[in-house]
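Colleague: I have some questions about how the labels on this model were assigned. Can you take me through the reasoning?

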Amino acid sequence: MPEYEYGQKEPMENEAMVRTLDAQARAIWPQEKKFLKRIFTRPGLEALDVGCGTGEISSRIAREFSTKHVTGIDLAESHIRLAKKRFDGIAGVSFQQADATTMPFEDDTFDIALCRHMLQAIPKPLAVIKEMIRVIKPGGWLYSLAEDYGMLFFHPTKYDMDEFFGEYGGKAAAKAGSDLRHGRKMPSVLASLKCVDVEVNYLCIDTLRVDRNLLADIFVHWRDGFEEWISTNSGKSLEEVRNRFDDMIDCTRGKDSYAVWLIPSISARVTAEAKHATSRG
Ligand SMILES: C[S@@+](CC[C@H](N)C(=O)[O-])C[C@H]1O[C@@H](n2cnc3c(N)ncnc32)[C@H](O)[C@@H]1O
């Protein structure tokens, strides 16, 4: 497979990411699965999980929606190895290492293609979206859990968290060629690509709906996986970065504090026109 380099490759593949994906799935899936009923309208559908990581969600989709088959692809060989080890044996799920910008599938192969927590981290999100449109059957669905780091709020905190996500994380991501404010752009990107029936629902992952210690654990895993990378790429010291992550974690655990991570859950139908428009580049 040709090597595809992107700036967030190391934090996306390290051990803390495995913990992150486990905790995120436990916190997010109970809300998200309700919105997925819009696209998994019947059993027996053929689904593709793009950037499937350790297979947390590919396996949950197969169980929840009685799919015909879920194919998970990811660039990271270590994640694919773990996904196979954990979920082999679940009927109708398979994993393979592949690059989402050049997928090894024929046109019109899947009823649904999903991409969660990925497009904000990579330099070429549009190339992935176009590949998804190519491999989805006309009339099928494209789904994205589209992260946006302007949609996290904490109170009370010692530091300004908007500044942290902008000047620290945002700056590091921009240097790596990715866009931490991808989520808010995704609905209009899909509309401009001639997808129809675009729907956005906000998952409200907050200290009132989710166990605050589980949410705090997510931020612990983010800190462990990303603090060095953010420090190196933003020009801030490791101590400055760590203090802000710890502030965020303390706030989330605090008895009377409030923390919220809003995540756009976006679905759109892929028309023949969308496929035609994207196939022309
Ligand atoms: C934050 S993880 C999300 C994993 C999974 N979708 C989930 O929600 O649990 C993002 C994943 O995208 C993968 N990734 C990044 N660029 C990719 C590419 N071009 N092709 C395939 N996978 C890619 C990373 O290796 C990583 O596993």
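**Labels and the values behind them**

Modeller: Go ahead. Keep in mind that this is a predicted model.

Colleague: Where does the ligand sit?

Modeller: The ligand sits in the largest cavity. Sitting there requires more than half of its atoms to lie within 2 Å of the cavity's grid points.

Colleague: Which residues come nearest to the ligand?

Modeller: There are 19 residues around it, and Gly 51, Asp 74, Asp 99, Ala 100 and Arg 116 come nearest. By class, the shell holds twelve nonpolar, four polar and three charged residues.

Colleague: What makes the approach of Asp 74 to the ligand a polar contact?

Modeller: An N or O atom in the Asp 74 side chain is 2.6 Å from a ligand oxygen atom. The cut-off is 3.5 Å, so the pair counts. Asp 99 passes too: one of its polar side-chain atoms lies 2.9 Å from a ligand nitrogen atom. For Arg 116, a polar side-chain atom lies 2.4 Å from a ligand oxygen atom, therefore that is also a polar contact. Taken alone, the ligand exposes 590 Å², and the protein buries 98% of that.

Colleague: How many aromatic pairs does a search of the whole structure find?

Modeller: The search finds twelve. One of them is Trp 29 with Phe 65.

Colleague: Why is the pair of Trp 29 and Phe 65 called edge-to-face?

Modeller: Their centres are 6.4 Å apart, within the 6.5 Å limit, so the rings pair. The planes are 75 degrees apart, and over 60 counts as edge-to-face, so the label follows. Trp 29 is in helix H2 and Phe 65 in helix H3, 36 residues apart, and the pair links distant parts of the chain.

Colleague: What makes the bond between His 155 and Pro 156 notable in the backbone?

Modeller: That peptide bond is cis, with omega about 0 degrees. Pro 156 is in the loop between strand E6 and helix H6.

Colleague: What is phi of Lys 194?

Modeller: Phi is near 75 degrees, a positive value in a residue other than glycine. Lys 194 lies in the loop between helix H7 and strand E7.

Terms used
Residues are numbered from 1 along each chain as its sequence is written. This is a predicted model: local features need pLDDT of at least 70, side-chain atom pairs count only at pLDDT 80 or more; totals for chains, interfaces and linings use all residues. Side-chain values use heavy atoms; hydrogens and water are left out. A residue is near a molecule or strand if one of its heavy atoms lies within 4 Å of it. A polar contact is a pair of N or O atoms within 3.5 Å; within protein, one must be able to donate a hydrogen and the other to accept it, and residues adjacent in sequence count only if both atoms are side-chain atoms. Accessible areas come from the Shrake-Rupley method with a 1.4 Å probe; for residues, only the protein chains shown count as cover. On a 1 Å grid over the protein atoms alone, a cavity is a set of points where a 1.4 Å probe fits but cannot get out, and a pocket is an open set with protein on both sides within 12 Å along at least five of seven lines; lining residues have an atom within 4 Å of a point. Ala, Val, Leu, Ile, Met, Phe, Trp, Tyr, Cys and Pro count as nonpolar, Asp, Glu, Lys and Arg as charged, and the others, Gly among them, as polar. Rings of Phe, Tyr and Trp (its six-membered ring) pair if their centres lie within 6.5 Å; planes under 30 degrees apart count as stacked, over 60 as edge-to-face and the rest as tilted. Helices (H or I, at least four residues) and strands (E, at least two) are DSSP runs, numbered from the N terminus.
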